[in-house]
Every structure is written in C-alpha cells, then in structure tokens.
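Student: Could you pick one part of this protein and go through it closely? I would like to see how it connects to its surroundings.

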Amino acid sequence: MRAKDSATAQTAIAVPVAPGSGRPATGRGSAARAGTLQAALGVTAFSLTFPATAWGLEGFGPWSLVAVRTVLAAVIAGGCLLALRIPPPGRGHWAGLAVVAAGVVLGFPLLTTLALRTSTTAHAAVVVGLLPLTTALFSALRVGTRPSRTFWAAASAGAAVVIAFTVQQSGGALTGADTYLFAALLVCAAGYTEGGRLARVMPGWQVIGWALVLCLPVTVPVAAIALSYEPVQLTAHSVTGLLWVAAGSQFVGLVVWYRGMAAIGIPKASQLQLAQPLLTLVWSVLLLGEHLTPAAPLTAAAVLVCIAVTQRARG
C-alpha cells in the first residue's frame, strides 16, 4: 500500500511548463541524471570493498569478517527501520528479498573474502569486470528488459576491455580463488537484479534493510562461532576495513545503488560498474601499495567510451 500511495502522490504533482517552449517539462532528464549520479555513488562505494576487505583480513578471519560486517550493517538498517516505524513488506516480496540476502548480503561478500585470502585485489577485479554484463543478462531474463543491439555491443566490449586489463594486471595466471570469484559473480548478479526489481515498488534502502534483517538469524550465531575459533587482532587497518564494508559497502552503497537502478533501469545502471575495477585498482595503489601497468589510462579511456554508449543506447 505504501508503494501505491507513493506512486499516486508522485503522479498528482503538477507538471511545470518549460519557459518559452509551450510544452510541459516532464523532469525525466533530471530524474535520469539523479539516478545516474546515485548509481555512480554506489559504484564508488563498491570500488573500495576489496581494499577494505584486504585491510579487514589483517585482523579478522574470513568467516568472522563477513559475519560481523553483516551483523553491523543489519543493526544500522534495523535501527533505521525501527526509528521510522516502517512496516514489514508484503508476503509477496519476501522471496525476492531472500534472493537479495543470499546473493548480495551473504554470497558475494563471503565468496570474495575467501578468494582474497590468496588473490590480489587486481585479480579479484575480474569478477567486477564481468558483473555488469552478467547483471544485464539476468535482468533480460528475470525482468524482461530488452536493451538495443548497440547497448549489448558496448556492454560486451566494455567487459572484454576490463577483463583483458585485469587479467594482464594479475599476470594472466588463473588461481584457486577463481572458483570463488566466478560463483560470486553469479550470485551477486542475481541479487542485483532482484533488488533492482524490488526497488521499483519500495524504497531502495528498505530493500537492502529488510534483506540484512532477514539474515540476522544466520549471521549472529555464525559471528559468535567464528569469533571463538578465528583469532582477532584489532588494528587501525582491520577496524577501518570492517567498518567500511559494513556501513559503506553493505548498507549506504547498496541504498544509493538500488535507488539508481530503479531510476534509470537495471541494464544501464549495471554498466556503470565497468568503471569499478579501475577504481578498485586505483585504491589498491593508494591504500595497499600495489602497482599498475602503463595500460591503465588507455583502459580507463576505453571503458569510459563504452559506458557513454550504454547510457545513450535505446532501451
């Protein structure tokens, strides 16, 4: 009912007339720009996830880090839901929220954290390089979106550029962590798609908020067990990394990300993530001391061209 009331309220707003044009200004352009900005902010938050996870692993075990980050994010989200007295979603939304919880809240963080025990952030960025195209494919299958051929060509080209760069950056070698990374790719794309669909009928922050709360019966006991078995060393890096992946990546980043997806559509929003591996590599240089090759600027330029084409493509 809240979603319907909100939609009704929005349609009741008077439409202003553009000066000198004699035509009503629908505001679609400004709404699209705001949605693009929100999705881009989400990508920026996500780009810090791998470096922050690497910091967190300096003081926490992989299971402890994932469980504690999820509990902390759920406490933040649950506090917001309680403070604003948000009623639980309708019965028909819980299946979708379970997909978001399994893919975005639990699956992707756990699988990538396990991979980062033996993989560099540069190599792990291969996952993010494939994620935009995979999310667009999931969206076409689940939501029925039909982007144009130009969109698919630009999305495929962007994915190929990012994969080539990140594989070259990591020396071209496949590691045992790749199984975790490709599994993370699939579950995250499913969670993004379902979350983007739900964000059309409820605010994006409520989508991730309820998904986090839904995980509490699992994450609280897992956190207690993991902390008792895995050694913990509290340092500035480990605490900062934990706080960022909990508040920044797991909650705030997903809030603006889902809002952006609802505004501009899942396929177009997903293609903004083509920039995420390159941003991650920049953070890995600044925060972790990793080194980039001279190909980075050329790759960045090629990716920006692909993103521009996908944002202007029909559908």
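Tutor: A residue counts as buried if its relative accessible area is under 20%, as exposed if over 50%, and as partly exposed in between, using a 1.4 Å probe and the protein chains only. The model is predicted, so local features need pLDDT of at least 70 and side-chain atom pairs count only at pLDDT 80 or more, while totals for chains, interfaces and linings use all residues. Residues are numbered from 1 along each chain as its sequence is written, and side-chain values use heavy atoms, with hydrogens and water left out.

The part to look at is helix H8, and its setting comes first. Helices are DSSP runs of H or I with at least four residues, strands are runs of E with at least two, and both are numbered from the N terminus. The protein has 13 helices and zero strands. Of its 315 residues, 49% are buried.

Start with the charged residues of H8. Side chains of opposite charge can pair when their charged atoms come close. A salt bridge here is a side-chain nitrogen of Lys or Arg within 4 Å of a carboxyl oxygen of Asp or Glu. The structure holds one salt bridge. Its partners are Arg197 and Glu194, whose closest N and O atoms are 2.6 Å apart. Both residues sit in helix H8, three residues apart, which is about one turn of the helix. Is Glu194 buried or exposed? Glu194 counts as buried because its relative accessibility is 6%. Arg197, at 25%, counts as partly exposed.

Next come the rings. A pair of aromatic rings is described by the distance of the centres and the angle of the planes. Rings of Phe, Tyr and Trp (its six-membered ring) pair if their centres lie within 6.5 Å; the pair is stacked if the planes are under 30 degrees apart, edge-to-face if over 60, and tilted otherwise. That rule gives five aromatic pairs. One of them joins Phe46 and Tyr192, a stacked pair with 6.1 Å from centre to centre and 20° between the planes. Tyr192 belongs to helix H8 (residues 178-198) and Phe46 to helix H2 (residues 28-47), so the pair links distant parts of the chain, 146 residues apart. Phe46 is buried because its relative accessibility is 6%. Tyr192 is buried as well, with a relative accessible area of 5%. Together with Trp257, Phe46 and Tyr192 form one aromatic cluster.

A second stacked pair is useful for comparison. The ring centres of Phe50 and Phe108 are 6.5 Å apart and their planes are at 20°, so this pair is stacked. Phe50 is in helix H3 (residues 49-56) and Phe108 in helix H5 (residues 94-115), so parts 58 residues apart in sequence are tied together. Phe50 is buried at 4% relative accessible area, and Phe108 is buried at 13%.

Back at H8, Tyr192 also has a neighbour in helix H6 (residues 121-142), where Thr135 lies. Contact means heavy atoms within 4.5 Å. Leaving aside neighbours within four places in sequence, Thr135 is in contact with Ala189, Tyr192, Thr193, Ile266 and Ser270. Thr135 is buried, because its relative accessible area is 0%. Contacts across the sequence recur through the protein: among contacts between residues at least 6 apart in sequence, 90% join residues at least 24 apart.

Tyr192 has a further role in the packing. A nonpolar core is a set of buried Ala, Val, Leu, Ile, Met, Phe, Trp, Tyr and Cys residues joined through side-chain atoms within 4.5 Å. The largest such core has 59 residues, and Tyr192, Ile208, Leu212, Leu254, Trp257 and Tyr258 touch the most other members. H5 gives the largest share of this core, eight residues. Leu212 is in contact with Thr70, Ala73, Ala74, Ala77, Val105, Gln250 and Phe251, leaving aside its neighbours within four places in sequence. A second, separate core has seven residues, among them Phe60, Ala67, Val68 and Ala223.

To sum up, helix H8 holds both partners of the salt bridge, and its Tyr192 is paired with Phe46 of helix H2.
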